[in-house]
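Open the model in a viewer and keep the selection tool at hand. The stops below are meant to be taken in order.

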Amino acid sequence: MIQFDHLHKSYGEGPEAHEVLHDISLDIAKGEVFGILGSSGAGKSTLVRCINLLERPTKGRVVIDGEDVTDATGARLAALRASIGMIFQNFSLFQQRTVLRNVTFPLELNHVSKAERTARAERLLDMVGLSGYGDRYPSQLSGGQQQRVAIARALANKPSIMLCDEATSALDSTTTVQILDLLRRINREMDVTLVVITHSLSVARSICDRVAMIDGGRIVESGRTEELFANPQSDILKALIASADAQNTRRADTGISEVR
Ligand SMILES: Nc1ncnc2c1ncn2[C@@H]1O[C@H](COP(=O)(O)OP(=O)(O)O)[C@@H](O)[C@H]1O
Ligand SMILES: [Mg+2]
């Protein structure tokens, strides 16, 4: 369980300080796929970066599995980060390392033996559909394949939580569906709680159990995905749904199928 308890985040100090998250309280249950939906600049990345403390909250608490981690440092912080995988829009792979050595990297940091590192990385590459790709370099792979490598790397330390920050935003619609299927499978089969950040209504709709809509650093509404989208309360979500519907109608008219 991930809990945000009256969390605030400001960037800058003193008169320069600028609050970008305002009084966020939210519970994400173990094993769920939770979506954070909002437009660019809403504060989505800042919020999830407070989970693994890549950003420190200015006020309020982050509680994971009942433990207040807000001020974690040293070994406790390292253990927390090892238990949380993260993937990004731009994949963030090490270009100078092979696919296999991208996946073994977090295990090197954790001093896992070479034999065990290789065995675990090969199992993970197999799981994400990339067995036989270990010796390639990231630049030799498609975007979807690179994101699969990033997913394997994020899973190397057997995390209980995975943060996905616009993980499919750089991918075409077919690849997006494949990556979302993979993430769903990881959630179900490996019991990994997923926090999915997206600006895309269709991504939220297709993978999330529950969604929080964030706008201007505030949660404007949240709920079970179907219920939220069937009966939106906030102007921003209503507008987002109307614009997605209009786009899909236009695509239906032109015979192009629905995209992100
Ligand atoms: N390191 C930073 N320093 C100062 N301002 C930042 C920093 N990171 C993000 N911001 C600001 O915080 C707000 C929220 O950004 P972000 O969390 O990246 O939003 P999103 O992920 O929803 O696009 C934006 O106004 C952004 O400019
Ligand atoms: Mg962002």
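The tour goes from the annotated range to the ligand and then through two sheets.

This is a predicted model, where local features need pLDDT of at least 70, side-chain atom pairs count only at pLDDT 80 or more, and totals for chains, interfaces and linings use all residues. Residues are numbered from 1 along each chain as its sequence is written, chains are lettered from A and ligands numbered from 1 in the order in which they are written, and side-chain values use heavy atoms, with hydrogens and water left out.

**Stop 1: the annotated range**

Select residues 2-241, which UniProt lists in an unreviewed entry as "domain: ABC transporter". UniProt positions are given in the numbering used here, feature names are shortened, and annotations may be inferred rather than shown by experiment. Over this range the chain is 38% helix and 26% strand, with 28 Å between the end C-alpha atoms. Helices (H or I, at least four residues) and strands (E, at least two) are DSSP runs, numbered from the N terminus.

**Stop 2: ligand 1**

Select ligand 1 and the residues around it (a heavy atom within 4 Å). The selection should give Tyr 11, Val 20, Ser 39, Ser 40, Gly 41, Ala 42, Gly 43, Lys 44, Ser 45 and Thr 46. By class there are three nonpolar, six polar and one charged residues; Ala, Val, Leu, Ile, Met, Phe, Trp, Tyr, Cys and Pro count as nonpolar, Asp, Glu, Lys and Arg as charged, and the others, Gly among them, as polar. Helix 1 (residues 44-49) supplies the largest share of this shell, three residues.

Which atoms of Ala 42 and Ser 45 should be picked for distances to ligand 1? For Ala 42, take a polar backbone atom, 3.2 Å from an oxygen atom of the ligand. For Ser 45, take an N or O atom in the side chain, 2.9 Å from a ligand oxygen atom. Thr 46 has a polar side-chain atom 2.6 Å from an oxygen atom of ligand 1. Taken alone, ligand 1 exposes 560 Å², and the protein buries 57% of that (Shrake-Rupley method, 1.4 Å probe).

**Stop 3: the six-stranded sheet**

Now show the open sheet of six strands, with the order 6-7-8-3-9-10 and mixed pairing. Two strands pair if DSSP finds at least two bridges between them. The edges are strand 6 (84-88) and strand 10 (218-224), each paired on one side only.

Zoom in on strand 3 (residues 33-37) and strand 9 (residues 210-215), a parallel pair with four bridges. Gly 35 has Val 211 as its bridge partner, and Ile 36 stands opposite Ala 212. Strand 9 also runs antiparallel to strand 10, joined by six bridges, and here Met 213 stands opposite Glu 221. Two residues lie between the strands of this hairpin, where Gly 216 takes a positive phi near 55°.

**Stop 4: the four-stranded sheet**

Finally, select the open antiparallel sheet of four strands, in the order 2-1-4-5. Its edge strands are strand 2 (18-28) and strand 5 (67-68). Strand 1 (residues 2-11) and strand 4 (residues 59-64) are joined by five bridges, and Gln 3 stands opposite Val 63.

Technical notes:
Polar contact = N/O pair within 3.5 Å; in protein donor to acceptor, adjacent residues only side chain to side chain.
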